[in-house]
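Here is a short report on one protein model. Keep the sequence and the coordinates open while reading.

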Amino acid sequence: MAAGLITVAHKSGGPLADIVETSQSSRTGFLASEADEYARAILEVIAMSSEEKKRIIEAARASVDRFSEKEFEKSFLRAVEPLMRLD
């Protein structure tokens, strides 16, 4: 996604939970679990206009910041801070 490729990922785990957004207004890729779903997604990507592909690529690139090292550090510190208090 960060490299500008339109993602077609398996509809499970991380991609399903929080990596790939599939709603039309904020699509960052496609999810599939069966061979025919993968084929349909790939055909849809191939048939898309350049403008539609560009929208998906831009949305996907913008979404990867939430997986940065900085975001991980902030979230980790927020999670462990209560455990470190000496109250």
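Lysine 74 is partly exposed, with a relative accessible area of 40%. This is a predicted model, so the confidence scores come up again below. Lysine 74 forms a salt bridge with glutamate 71. The closest N and O atoms of that pair are 3.0 Å apart. Both residues sit in helix α4 (residues 69-84), three residues apart, so about one helical turn separates them. Glutamate 71 is partly exposed too, at 27% relative accessibility.

**Salt bridges**

The structure holds five salt bridges. Three of them are set out here.

| Salt bridge | Closest N and O atoms |
|---|---|
| Arginine 40 and aspartate 36 | 3.3 Å |
| Lysine 74 and glutamate 71 | 3.0 Å |
| Glutamate 81 and arginine 85 | 3.9 Å |

Arginine 40 and aspartate 36 share helix α2 (residues 35-47). They are four residues apart, about one turn of the helix. Aspartate 36 is partly exposed, with a relative accessible area of 42%.

The pair of glutamate 81 and arginine 85 is bridged at 3.9 Å, and a salt bridge needs the two atoms within 4 Å. Glutamate 81 is partly exposed at 44% relative accessible area. Arginine 85 is also partly exposed, at 48%.

**Arginine 27**

Which side chain of opposite charge is nearest to arginine 27? It is glutamate 44, 4.8 Å away. Arginine 27 is buried yet has no salt bridge. The cut-off for a salt bridge is 4 Å, so a separation of 4.8 Å does not qualify.

Arginine 27 lies in the loop between α1 (13-19) and β2 (29-32). Its side chain makes a polar contact of 2.9 Å with the side chain of glutamine 24. Beyond its neighbours within four places in sequence, arginine 27 is in contact with Glu21, Thr22, Ile56 and Ala59.

**The nonpolar core**

Ile56 also belongs to the largest nonpolar core. That core has five residues in all: Phe30, Ala41, Val45, Met48 and Ile56. Methionine 48 touches two other core members, Phe30 and Ile56. Lys53 is another of its contacts, with residues up to four places away in sequence not counted.

Valine 8 meets the core from strand β1 (residues 7-10). Leaving out residues up to four places away in sequence, valine 8 touches Phe30, Tyr38, Ala41 and Ile42. Phe30 and Ala41 are core residues. Valine 8 itself is partly exposed, with a relative accessible area of 27%. A core residue must be buried, under 20%, so valine 8 does not count as one.

**Sequence distance and spatial distance**

How far apart in space are valine 8 and leucine 31? Their C-alpha atoms are 5.6 Å apart, although 23 residues separate them in sequence.

Alanine 47 and serine 68 give another case: 21 residues apart in sequence and 32 Å apart in space, C-alpha to C-alpha. Alanine 47 is found in helix α2. Alanine 47 is exposed, with a relative accessible area of 66%.

**Confidence**

The chain averages a pLDDT of 91. At least 70 is scored by 99% of the residues. Confidence is lowest in α1, at a mean of 89, and highest in α2, at 97. Helix α2 is also where arginine 40 and aspartate 36 lie. Where pLDDT is low, the predicted coordinates should not be read in detail.

Definitions and conventions. Residues are numbered from 1 along each chain as its sequence is written. This is a predicted model: local features need pLDDT of at least 70, side-chain atom pairs count only at pLDDT 80 or more; totals for chains, interfaces and linings use all residues. Side-chain values use heavy atoms; hydrogens and water are left out. Helices (H or I, at least four residues) and strands (E, at least two) are DSSP runs, numbered from the N terminus. Buried means under 20% relative accessible area, exposed over 50%, partly exposed in between (1.4 Å probe, protein chains only). Lys and Arg count as positive and Asp and Glu as negative; His and the chain ends are not counted. A polar contact is a pair of N or O atoms within 3.5 Å; within protein, one must be able to donate a hydrogen and the other to accept it, and residues adjacent in sequence count only if both atoms are side-chain atoms. Contact means heavy atoms within 4.5 Å. A nonpolar core is a set of buried Ala, Val, Leu, Ile, Met, Phe, Trp, Tyr and Cys residues joined through side-chain atoms within 4.5 Å. pLDDT is the predictor's confidence in each residue, from 0 to 100.
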